[in-house]
Each structure stands twice: as structure tokens, then as C-alpha cells.
Amino acid sequence: MAGIPITLGNPRVTQFYGGAVGALPSIFVDPDTLTESDITVLAVIVVAAFLVVNNSCGSIVPRVRKIFRSAWAVKVLNISPGSAMIGAGLYIGIR
């Protein structure tokens with residue numbers, strides 16, 4: 001639960017949840033017809049989704065950390081981003 005205040009204190013996260021997620025319900029719901037209870041339900045859904053996703057990621061991290069400590073995984077993690085950047089550079093250069 002300590003990560004929630006840190007996440008909510010991050011301005012990029014609040015912009016995302018305030019902007020993208022705030023606009024998302026307007027696609028499915030007419031904002032002019034919303035009541036206070038509708039807004040409460042939407043807020044509960046957004047907070048629940050936020051908690052489920054963050055807690056799921058948090059529970060996976062210890063297992064993934066063990067995997068990425070092997071020498072093979074470190075080598076792959078070092079080579080993959082470099083290869084992706086070289087590929088992106090080649091693509092931009094050719095284009």
C-alpha cells in the first residue's frame with residue numbers, strides 16, 4: 001500500500017488518470033446525464049482497476065527479479081535495447 005501515495009504523487013500518473021481515464025467514460029456514458037451515484041460508481045471502478053493492476057504488477061516483481069539476475073538474462077537485457085535502438089536508427093536512416 002506504500003506505493004499508492006507515491007504513484008498518486010507522480011504528476012504523469014495523475015495526468016493520465018485525470019485525462020485519458022477521465023475522458024474514457026464519456027465514450028460510453030453521456031456526461032450530461034450523469035448523477036452523483038453514477039460518478040461514484042465510475043470512480044470506484046477506476047480505483048479498483050488501478051489497485052488490481054498495480055498490485056498484480058507488484059506481486060510479480062519478486063519472481064521476475066529472480067529470473068533477471070541470471071547471467072544469461074542480464075546479457076539479453078543488455079543486448080536487446082541496443083539492438084532495438086540500432087534497428088530504429090537504421091530504419092530512420094533508410095527512410
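1. Helices, as counted here, are DSSP runs of at least four residues, numbered from the N terminus. In this predicted model, the protein chain reads α-α-α-α along its sequence. It thus contains 4 helices and 0 strands.

2. Confidence varies along the chain. The mean pLDDT of the protein chain is 78, and 71% of the residues reach at least 70. Among the elements, helix α4 (residues 71-94) has the highest mean value, 91, whereas helix α2 (residues 11-28) has the lowest, 62. Statements about α2 should be read with that value of 62 in mind.

3. As to exposure, 5% of the 95 residues of the protein chain count as buried. The accessible surface of the chain is about 7,800 Å², and carbon and sulfur atoms account for 71% of that surface.

4. Helix α3 has 32 residues, and at 1.5 Å a residue these should span 46 Å. The C-alpha atoms at the ends of α3 lie 47 Å apart, which agrees with the expected span. Helix α3 nevertheless carries a kink of about 35° at Val61. This kink comes shortly before the proline Pro62.

5. Phe68 sits in the loop between α3 (36-67) and α4. Is Phe68 buried, partly exposed or exposed? Its relative accessible area is 40%; because buried means under 20% and exposed over 50%, Phe68 is partly exposed.

6. Phe68 also takes part in a nonpolar surface patch, together with Ile67 and Leu77. The patch made by these residues covers about 290 Å².

Note on methods:
Residues are numbered from 1 along each chain as its sequence is written. This is a predicted model: local features need pLDDT of at least 70, side-chain atom pairs count only at pLDDT 80 or more; totals for chains, interfaces and linings use all residues. Side-chain values use heavy atoms; hydrogens and water are left out. pLDDT is the predictor's confidence in each residue, from 0 to 100. Helices (H or I, at least four residues) and strands (E, at least two) are DSSP runs, numbered from the N terminus. Buried means under 20% relative accessible area, exposed over 50%, partly exposed in between (1.4 Å probe, protein chains only). Accessible areas come from the Shrake-Rupley method with a 1.4 Å probe; for residues, only the protein chains shown count as cover. Patches are made of residues with over 30% relative accessible area and no salt bridge: like charges are joined within 9 Å, nonpolar side chains (Val, Leu, Ile, Met, Phe, Trp, Tyr) within 5 Å. A salt bridge is a side-chain nitrogen of Lys or Arg within 4 Å of a carboxyl oxygen of Asp or Glu. The expected span of a helix is 1.5 Å times one less than its number of residues. The bend at a residue is the angle between axes fitted to the seven residues ending there and the seven starting there.
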